[in-house]
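User: I should like to go through this model with you, one point at a time. Please reason briefly and close each reply on the item requested.

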Amino acid sequence: MYAVGTVYSRGGYGYLKKTIRGWNAAARGTPFLLVTDLDSAACPSALIEEWLSVPKHDNLLFRIAVHEVEAWLLADSKGLATYLAVKPGLVPKRPEALPDPKRSLVELASVSKRKQIREDIVPRRGSTAQQGPGYNNCLSEFVQSTWDVQLAANNAKSLRRTLDRLSTFRPVWAPAR
Amino acid sequence: MRISKIVLKNWRNFRSAEVELGDRVFLVGPNASGKSNFLDAIRFLRDVAKAGGGLQPALAGRGGLSKVRCLAALKDPDVEIDVTLTDGDGGEDWRYAIGITQGVRGYRQPYIRYEKVWRGEKQILNRPDSQDQKDDERKTQTHLEQISANTNFRAIAKFFESIRYLHLVPQLLKHADYYQGSGTVEDPYGRNFLEMIAKTPEKTRRSRLKKIEAALRHAVPQLRALTDTKDEAGVPHLEAIYEHWRPNAGRQREDQFSDGTIRLIGLFWSLLDGDAPLLLEEPELSLHSSIVAKLPGLFHKLGRRKKRQLIVSTHSWDLLSEKGIGGEEVVMLQPDKNGAKAVLASSISEVGDLLDADLSIADAVLPRTAPEQISLFDLAV
């Protein structure tokens, strides 16, 4: 059993990339799970090498939601269809293959039967914003209330691998100094 | 109804500014760029229209016309405010325009140069009229402030009157005795905040405090059972139980609340209070960055419920990094020796390109609002 401790986030991978040596160094006392998204086609192991010039500590779990974490939300197609009030068939089948999962999610919400969902998630006509004003509210509500991580993992390999890694993970403790 | 456009001429540090406003507006700019002055133009209309208000008290409360007039203006030009009001339900727009000047001799009493009202395309008020020409005294009052004269545009007088402004100062609330009131009826800084809560009908009051407590539970988890109460002298207070290491948690009054708690309570209360435009001055003050980051979403949620317009001044990186904020919602104030300019962030092509590339307002806009010479700031002392 694990409990989630402090969540470090600054919205975006730039912060994680900048601070990764810190997490790696501190991993000898506390396990860290680092989740980021992969914009380029580079493979995860190449990315970790690029980010971290020193060897990765075993207690630092480095996981990548291919493209964007929204892909993991789209992966629970049944739950998302219910939450967004759209036909289940409209949810993209292979979320990890989507070039821009966030845009797909916004487009999906734009055909919602519920006006409130459309107003919250979809940017207004003519807006420079890429997401609606209630996007974050709605998606965190979805994750809290509806999202089924196991169903989603059946449909998103990177999520499945993250769950597997977490369930088999045993921290390595350095001998006392 | 909301203010969809505002034009200011010679108002405080705006010599000439014109900007369109949406349902949610974020005012950004360096210190002393005119964020409060911009809000004050809207508050001024409220002060003219409200019961017991009027043009003369609204100006006197601001130190007279010469304090209000733009210093960058040449000579003594008219101070002008022109607002367009849009009815969300598809009714015709209203437009109210006022020009103010003052006498050349003696007491130099301010009077209206003009006062005009339109409903749609049709002009329904055009002053000075023939009666004004005969009697100069008439021009010291607006028709907006007179019930007998504003029959045809009562809706906009009511609208201006209903506008709310909040800039809660926790110290004023906590230590009300130390501060002498200025005698103004309006109290945006919180001296009468508790009285305002106490005057709210009981059912509404209880339901609001309950909602606020529910929201606070996630921000200040030690606090519960938020209620209002009165002391032996009949003075209203807020009370809550503050859980701590002692088994019997004690009840605390507002003078023991933290600044952040008080500001959150004030913020939620004003968001839940009424459906008229709400002007908020730097809502990020005293709050943790993780709460500040959630404010734009909260404004949207509560504003939409009542179709309420929110105009918010801010310096906060955390607030403006919310990706749901569009450049068309952000009014940038740019100081200049010829008076400040107000522009929509989306109208600047470089900013627009950055926002299109999914940068946040914080990344694309805030750097432009830093003073040009800021790199020298700490070298000066």
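User: Is B:Arg251 buried, partly exposed or exposed?

Analyst: This is a predicted model, and the relative accessibility of B:Arg251 in it is 40%. Buried requires under 20% and exposed over 50%. B:Arg251 therefore counts as partly exposed.

User: With which residue does B:Arg251 form a salt bridge?

Analyst: The closest N and O atoms of the pair are 2.8 Å apart, which satisfies the 4 Å limit for a salt bridge. B:Arg251 belongs to strand β11 (residues 250-253) of chain B, and its partner, twelve residues away, belongs to strand β10 (residues 236-242). At 14% relative accessibility, that partner counts as buried. The residue is B:Glu239.

User: Which residues are joined into one network by salt bridges that share partners?

Analyst: Over all chains, the structure holds 28 salt bridges. Those that share partners link the following residues into one network: B:Arg12, B:Asp40, B:Arg43, B:Asp47, B:Lys50 and B:Arg62.

User: What is the relative accessible area of B:Glu115, the salt-bridge partner of B:Arg127?

Analyst: B:Arg127 and B:Glu115 form a salt bridge with their closest N and O atoms 2.8 Å apart. The pair links strand β7 (residues 122-127) of chain B, which holds B:Arg127, to strand β6 (residues 110-119), which holds B:Glu115. B:Arg127 is buried because its relative accessibility is 1%. B:Glu115 is buried as well, its relative accessible area being 0%.

User: Which residue of chain A forms a salt bridge with B:Asp23?

Analyst: Within chain B, the side chain of B:Asp23 meets that of B:Arg2 in a salt bridge of 3.0 Å, N to O. B:Arg2 is in strand β1 (residues 2-11), while B:Asp23 is in the loop between β2 (14-20) and β3 (24-28), 21 residues apart. B:Asp23 is partly exposed, as its relative accessible area is 30%. Across to chain A, B:Asp23 also forms a salt bridge, with closest N and O atoms 3.0 Å apart, and the partner is A:Arg124.

User: How many residue pairs are in polar contact between chain A and chain B?

Analyst: The contact between the chains involves 16 residues of chain A and 18 residues of chain B. Two salt bridges are counted between them. For polar contacts, with both residues at pLDDT 80 or more, the count is ten residue pairs.

User: Which helix gives the most to the side of chain A that touches chain B?

Analyst: Two helices of chain A, α6 (115-121) and α7 (135-145), each supply at least two residues of that side. The residues of the side divide into two nonpolar, ten polar and four charged. With three residues, the helix that gives the most is α6(A).

User: Which three residues supply 39% of the area that chain A buries against chain B?

Analyst: About 1,400 Å² is buried between chain A and chain B, and carbon and sulfur atoms give 40% of this area. No other three residues supply more of chain A's share than A:Thr128, A:Gln130 and A:Pro133.

User: With which side chain of chain A does the side chain of B:His300 make a polar contact?

Analyst: B:His300 sits in helix α11 (residues 295-305) of chain B. Because its relative accessibility is 7%, B:His300 counts as buried. Its contacts include A:Glu119, A:Pro133, A:Gly134 and B:Arg24. The polar contact, at 2.5 Å, is with A:Asp120.

User: How many of the ten residues of helix α5 of chain A are buried?

Analyst: The buried residues of α5(A) are A:Pro101, A:Lys102, A:Ser104, A:Leu105, A:Val106, A:Leu108 and A:Ala109. What covers them includes α3 (70-74), α4 (77-84), α6 and α7 of chain A. The helix, residues 101-110, is mostly covered, and the count of buried residues is seven.

User: What ipTM does the predictor give the complex?

Analyst: For chain B, the mean pLDDT is 88, and 94% of its residues reach 70 or more. For the complex, the predictor gives a pTM of 0.87 and an ipTM of 0.74.

Methods
Residues are numbered from 1 along each chain as its sequence is written. Chains are lettered from A and ligands numbered from 1 in the order in which they are written. Side-chain values use heavy atoms; hydrogens and water are left out. Contact means heavy atoms within 4.5 Å. Buried area is the accessible area (1.4 Å probe) that two parts lose on being put together, summed over both. A polar contact is a pair of N or O atoms within 3.5 Å; within protein, one must be able to donate a hydrogen and the other to accept it, and residues adjacent in sequence count only if both atoms are side-chain atoms. Helices (H or I, at least four residues) and strands (E, at least two) are DSSP runs, numbered from the N terminus. Ala, Val, Leu, Ile, Met, Phe, Trp, Tyr, Cys and Pro count as nonpolar, Asp, Glu, Lys and Arg as charged, and the others, Gly among them, as polar. Buried means under 20% relative accessible area, exposed over 50%, partly exposed in between (1.4 Å probe, protein chains only). pLDDT is the predictor's confidence in each residue, from 0 to 100. Lists of a residue's contacts leave out its neighbours within four places in sequence.
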